[in-house]
Amino acid sequence: MEVLMIKFKQQYFKENTMTVYKFANGATLIYQQNKQDSTTQAAIGFSCGSKCDGEHPGLSHFLEHMLVSDTEKMTREEIQRQLDVMDTDQNAFTTKDCIALTFDCPSVNFVPTLKINSDFLFRKHFDSKLMQDEISPIIEEMHMRKDDEILSNVFNVLTGDINSN
């Protein structure tokens, strides 16, 4: 989860301190309340990114997409409408080291937003059509990421920063 914390800090945190909870199922919740603007930023992640894909390249990325898919109670669209009403921005990402779901919301909506996100984690509904529909976007994103990685490696070589990957 160190990578998640580093990415999370870069994305959201400046001066405030974070709270970190590690759960028995391997999930880690990191959150921070920003008192200046009364918002809370959070990430829920697992230490199982693309380096864990093994013989199945893209598996972790596929799991990320499934993480934010329909649940037993609600469709992805219904969930998004609820998050919109609560003024919550949400995203998910996969790195080599983790899969994570992030959100930024008004602090008064932190608990309800966390409940919705726990639905994503614990009440999944895997529909075979949805799974098939996600394959093409995942492959496209993997190609874009590979292009970004190649450009990053070239930049690192050109700037002499060969240890950054």
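Is aspartate 87 buried or exposed? Keep that in mind as you work through these exercises on a predicted model.

**Exercise 1. Find where aspartate 87 and serine 38 sit, and describe their backbone and accessibility.**

Step 1: Start with the place of each residue. Aspartate 87 is in the loop between α3 and β4, while serine 38 belongs to the loop between β2 and β3.

Step 2: Look at phi. For aspartate 87 the value is near 55°, positive in a residue other than glycine. Serine 38, also not a glycine, has a positive phi of about 55°. For background, most residues other than glycine have a negative phi.

Step 3: Sort them by accessibility. Aspartate 87 has 55% relative accessibility, so it counts as exposed, the cut-off being over 50%. Serine 38, at 43%, counts as partly exposed.

**Exercise 2. Work out the strand order of the open sheet and name its edges.**

Step 1: Write down the order. The five strands run β1-β2-β3-β5-β4, with antiparallel pairing.

Step 2: Pick out the edges. β1 (19–22) and β4 each pair on one side only, which makes them the edge strands. On average, neighbouring strands are turned by 15° against each other, direction ignored.

Step 3: Check two of the pairings. Strand β2 (residues 27–34) is joined to β3 by eight bridges, and leucine 29 stands opposite isoleucine 44 in β3. Between β4 and β5 there are six bridges, with asparagine 91 opposite threonine 102 in β5. β4 and β5 also form a hairpin, with four residues between them.

**Exercise 3. Describe the largest nonpolar core, then list the contacts of isoleucine 79 beyond its sequence neighbours.**

Step 1: Take the core as a whole. The largest one has 18 residues, and Ile79, Leu101 and Phe103 have the most contacts inside it.

Step 2: Map the core onto the fold. Two or more residues come from each of β3 (39–46), α3 (76–85), β5 (99–106) and α4 (110–122).

Step 3: Zoom in on isoleucine 79. Once neighbours within four places in sequence are set aside, its contacts are Thr71, Met74, Ile116 and Phe120.

**Exercise 4. Trace the polar contacts of threonine 94 and asparagine 109.**

Step 1: Begin with threonine 94, which is found in strand β4 (residues 89–94). Its relative accessible area is 7%, so threonine 94 is buried.

Step 2: Find its partner. The side chains of threonine 94 and glutamate 64 are joined by a polar contact of 2.4 Å. Glu64 is one of the buried residues of α2. In that helix (residues 59–67), seven of the nine residues are buried.

Step 3: Move to asparagine 109, in the loop between β5 and α4. Asparagine 109 counts as buried, at 17% relative accessibility. Its side chain reaches the backbone oxygen of methionine 86 at 2.8 Å.

**Exercise 5. Explain why cysteine 48 has no disulfide partner.**

Step 1: Count the disulfides. The structure holds zero.

Step 2: Check the distance. The closest cysteine sulfur to that of cysteine 48 is in cysteine 52, 5.9 Å away; a disulfide needs the sulfur atoms within 2.5 Å, so this pair is too far for a bond.

Step 3: Add the surroundings. Cysteine 48 is partly exposed, with a relative accessible area of 27%, whereas cysteine 105 is buried, at 1%.

Definitions and conventions. Residues are numbered from 1 along each chain as its sequence is written. This is a predicted model: local features need pLDDT of at least 70, side-chain atom pairs count only at pLDDT 80 or more; totals for chains, interfaces and linings use all residues. Side-chain values use heavy atoms; hydrogens and water are left out. A nonpolar core is a set of buried Ala, Val, Leu, Ile, Met, Phe, Trp, Tyr and Cys residues joined through side-chain atoms within 4.5 Å. Buried means under 20% relative accessible area, exposed over 50%, partly exposed in between (1.4 Å probe, protein chains only). Contact means heavy atoms within 4.5 Å. A polar contact is a pair of N or O atoms within 3.5 Å; within protein, one must be able to donate a hydrogen and the other to accept it, and residues adjacent in sequence count only if both atoms are side-chain atoms. Two strands pair if DSSP finds at least two bridges between them. Axes are lines fitted to C-alpha atoms, for helices over the stretch in contact, and angles run from 0 to 180 degrees between N-to-C directions.
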